[in-house]
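Me: I am new to this structure. Please show it, and then I will ask how its descriptions are justified.

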Number of protein chains: 2
Amino acid sequence: MIIDRLADAVAERGPVCVGLDTSAKLLPQALHSASSLPSAILEFNRKTIDATVDVTACYKVQIAHYEALGVDGLSCYRETLRYVRSRGALVIGDVKRGDIASTGEMYAQAHFSGDFEADFVTLNPYMGSDVIAPYAPHLQKGNKGLFVLIKTSNPSACDVQDLFLAEQPLFMHIGELVHCWGREYRGACGYSLIGGVVGATYREQLAAVRSAFPSLFLLVPGYGVQGGGGKDVAPAFVGGNGAVVNASRSILGAHLSKPDGEERFAEYAREAVLAMREEIRRWMG
Amino acid sequence: MIIDRLADAVAERGPVCVGLDTSAKLLPQALHSASSLPSAILEFNRKTIDATVDVTACYKVQIAHYEALGVDGLSCYRETLRYVRSRGALVIGDVKRGDIASTGEMYAQAHFSGDFEADFVTLNPYMGSDVIAPYAPHLQKGNKGLFVLIKTSNPSACDVQDLFLAEQPLFMHIGELVHCWGREYRGACGYSLIGGVVGATYREQLAAVRSAFPSLFLLVPGYGVQGGGGKDVAPAFVGGNGAVVNASRSILGAHLSKPDGEERFAEYAREAVLAMREEIRRWMG
């Protein structure tokens, strides 16, 4: 099962997930002026992937950054996914889709086959189990997986996710739903093909989700620029596995403050991954 | 404000929103075999728009159907939006995006400018007010609007949206949030640039949202194939305005059961719009 491949990747190469949220302001000037923005982004992504693939659990590509550039941006998204997969690495399409079942089928087709094929996608659970159902044929084959939003990393996550039901906040209820949806898709590693997204910026809530739902593999965003650190993500791990921690801007933009960042951006990305991995491992205990 | 244009359109041409969720199985055989699937869909959409533009409040284009066809599908999405707007009609990009603020900015750029520019987009509120914030500059100009998911039309909407908080179900709380977010963006028609999505398949809950939040313009999906009828959507209206009712398959597929449907698909789409408008107006009272 693909969740076993992800758990193996964490065990071998550490829990860092490199977020390819590549925007114009992260690009070295030379790349920027040499070609169109989508081409420059693709070049930047390929070099960053080459420099980090042996120290990274997986990649997460935030489709919004590509969608913002229109059709050409989505060609770049397609090529970025293809490049990650051609390097033998796993890729999460961070699409946060979620719709009624007939529409969900189209999203499943869009992101688990064809131009935009990823290994995992992120989904938004607001519309309930209909959001998940269209992905079942893929989950049954075991070669694709999901990460469902539970407690996100942004400041206003509390607006909805922390609402208090009779006995627990909404996000814990969502955690239960995700746990139930994924029960039949558990890999040899003990984790389900349906994992959860829990932000690094709310440490205690991360710990609560981890301990309540031990079979959920967690995708933890919010590390670095958003404020989460090694200490904050530590509760996501059990025996050094069971989660990947995503960082985007702090890795892709590591070169920005360096005098020789222009030429060596990919090396600085690699250094940032290694420093992040070290920091996470130190707190993991 | 664009919400005034939408309210005017409802007053002049009725509340039907034609959902261009165009998939292969809705296409006449002749179109299907003449060219690539994205080209055939675009041709079908243009003819359907031509045949309905004078009897339709607006169009809603479900991006999933285009995303499923990859980059070429998204070119077709772009051309469909452009065609609707070139005919002087309003178009809702049904994208149901929602993400942290920095990512939301990219989605706002994607769907309110450039290739995929729409007049309104649908958003998912699970991540709270950060989802809305990036759209503020557009709302302040008054030329763009939003529809935020409140109570969706699908069977499992209850999984999350009906969860009971201290005094009310979650979707009523979301209704309150949407109402607050939109307070400063009210048009001359009395409705806000930030509207809500409430499905036709839950009549009483639609009535509850309508009466609690009179300044929300409502986008009502779930009419037709999903089961909602004229009686079900009637509570959405106040004085014959304040809502548009979307139907997709029952309009686009109206030709499928007709012997001469192949050649006259666009006329049958128009007939379906007229019948639907009539039925809604009858119940509107």
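Two copies and one helix

Reply: A turn of 180° and a shift of 0.0 Å along the axis lay chain A on chain B with an RMSD of 0.0 Å, where copies are superposed by least squares on the C-alpha atoms of residues with pLDDT of at least 70 in both. The two copies are thus related as by a two-fold rotation axis. This is a predicted model, in which local features need pLDDT of at least 70, side-chain atom pairs count only at pLDDT 80 or more, and totals for chains, interfaces and linings use all residues. Residues are numbered from 1 along each chain as its sequence is written, with chains lettered from A and ligands numbered from 1 in the order in which they are written.

Me: How do you know that the copies meet through the same surface?

Reply: Two residues are in contact if their C-beta atoms, placed from the backbone, lie within 7 Å. By that rule, 47 residues of chain A are in contact with 47 residues of chain B. Of the interface residues of chain A, 100% are also interface residues in chain B, so the surface is the same.

Me: Why are Ile3(B) and Leu6(B) called buried?

Reply: A residue is buried if 20 or more other C-beta atoms, placed from the backbone, lie within 10 Å of its own. Ile3(B) and Leu6(B) are among the buried residues of H1(B).

Me: What makes the buried residues of H1(B) line one face?

Reply: They fall within an arc of 155° seen down the helix axis, so they line one face; the arc is that of the directions from the helix axis to the C-beta atoms.

Conventions
A residue is buried if 20 or more other C-beta atoms lie within 10 Å of its own, exposed if 12 or fewer, and partly exposed in between; C-beta atoms are placed from the backbone. Helices (H or I, at least four residues) and strands (E, at least two) are DSSP runs, numbered from the N terminus.
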